[in-house]
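Subject: Structure for you to look at

Hello,

I am passing this structure on to you, as agreed. Please open it first; my notes follow below.

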Amino acid sequence: MRLDKFLAQSSLGRRKNVRTYIKEGRVKVNKEVITKPAMEIKESSDVIEYLDKVVRYTGKVYYMFNKPAGYITARKDTVNKTVFDFFHDVNMEGVFHVGRLDKDTEGLLLMTNDGEFEHQLMYPEKHIEKTYFFWALGFLDEEDMKQLEQGIYIGKGEILTKPAKIEVQKSGMYKEFKHEMPNKDLQNIDSDHYNQPVVSGYLTIKEGRKHQVKRMLKSVGCYVVYLKRVSIGGLMLHESLGKGQYRSLTDVEIQSLFGELR
Ligand code: URA
């Protein structure tokens, strides 16, 4: 592995900063100052030091992040803040988001520098379930639920959605439930909503088409006003993780996700 890559994947900083450190002579390989960022090292046996302190290889990183609404799932955006704005304390060189959540969607987003892991998790043939909690204007009868579960057309020229699971949690009038709904500014949308039916529940899908949950619910006459991803495969978003907070996945969580990918 290249020396600069090794250091960048060892929480020392971004690749470009690391190169500067090397050129400035701050890095030693087996006690010898090395100034070539491209030097090949053996990460298992060579001893790498930065300012005379041994550097441990971090390797692959996996984070569970609780995305708040209002942030774009992208590395950079000219107008909006992005999910990367929350990761101040860790080296995000080479780290990317696994899939995407809409700007107004909250909840579980995985971040990693492991391209293979991301590819597999997003690969529709792997049938990894993603569960979303929603509040929507409208109601769901048995026929709607059957359609959502069996497959539904959500856009021109698109094939039927794959089998999904729907679980209705609450159903009634908006005026009954408005205090339970997380986004209380809904009142500003239209005062007519006051006497409208609303429904909350969980929709579990195995695909990741653009705005899929919103479009599936729209196809049965429900307008999503709140959406939160609560799980990916067997991995649940930890409620202890506040909005905008993240933590590394534990080894057990990583192994169990990899297990589902086999
Ligand atoms: N489905 C949506 O409609 N939006 C998301 O952010 C994720 C899934």
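Which pocket is the space taken by the ligand? The ligand takes up the space of the largest pocket. Please keep in mind that this is a predicted model.

On the overall layout: the domain assignment divides the chain into domain 1 (3-54), domain 2 (62-124 + 235-261) and domain 3 (129-232). Between the C-alpha centres of domain 1 and domain 2 there are 28 Å.

On the ligand's surroundings: the shell is made up of Leu101, Asp102, Thr105, Tyr132, His211, Gln212, Val213, Lys214 and Leu227. Sorted by class, these are four nonpolar, three polar and two charged residues. Domain 2 (62-124 + 235-261) and domain 3 (129-232) each supply at least three residues of the shell. Among the contributors, helix H6 (residues 212-219) gives the most, with three residues.

On the contacts: polar backbone atoms of three residues face atoms of the ligand. For Asp102, the distance from a polar backbone atom to an oxygen atom of the ligand is 2.7 Å. For His211, a polar backbone atom is 3.2 Å from an oxygen atom of the ligand. Val213 has a polar backbone atom 3.1 Å from a nitrogen atom of the ligand. On its own the ligand has 240 Å² of accessible area, and the protein covers 96% of that.

Regards

Notes: Residues are numbered from 1 along each chain as its sequence is written. This is a predicted model: local features need pLDDT of at least 70, side-chain atom pairs count only at pLDDT 80 or more; totals for chains, interfaces and linings use all residues. Side-chain values use heavy atoms; hydrogens and water are left out. A residue is near a molecule or strand if one of its heavy atoms lies within 4 Å of it. A polar contact is a pair of N or O atoms within 3.5 Å; within protein, one must be able to donate a hydrogen and the other to accept it, and residues adjacent in sequence count only if both atoms are side-chain atoms. Accessible areas come from the Shrake-Rupley method with a 1.4 Å probe; for residues, only the protein chains shown count as cover. On a 1 Å grid over the protein atoms alone, a cavity is a set of points where a 1.4 Å probe fits but cannot get out, and a pocket is an open set with protein on both sides within 12 Å along at least five of seven lines; lining residues have an atom within 4 Å of a point. A molecule sits in a cavity or pocket if more than half of its atoms lie within 2 Å of its grid points. Helices (H or I, at least four residues) and strands (E, at least two) are DSSP runs, numbered from the N terminus. Ala, Val, Leu, Ile, Met, Phe, Trp, Tyr, Cys and Pro count as nonpolar, Asp, Glu, Lys and Arg as charged, and the others, Gly among them, as polar. Domain bounds come from an automatic or database domain assignment.
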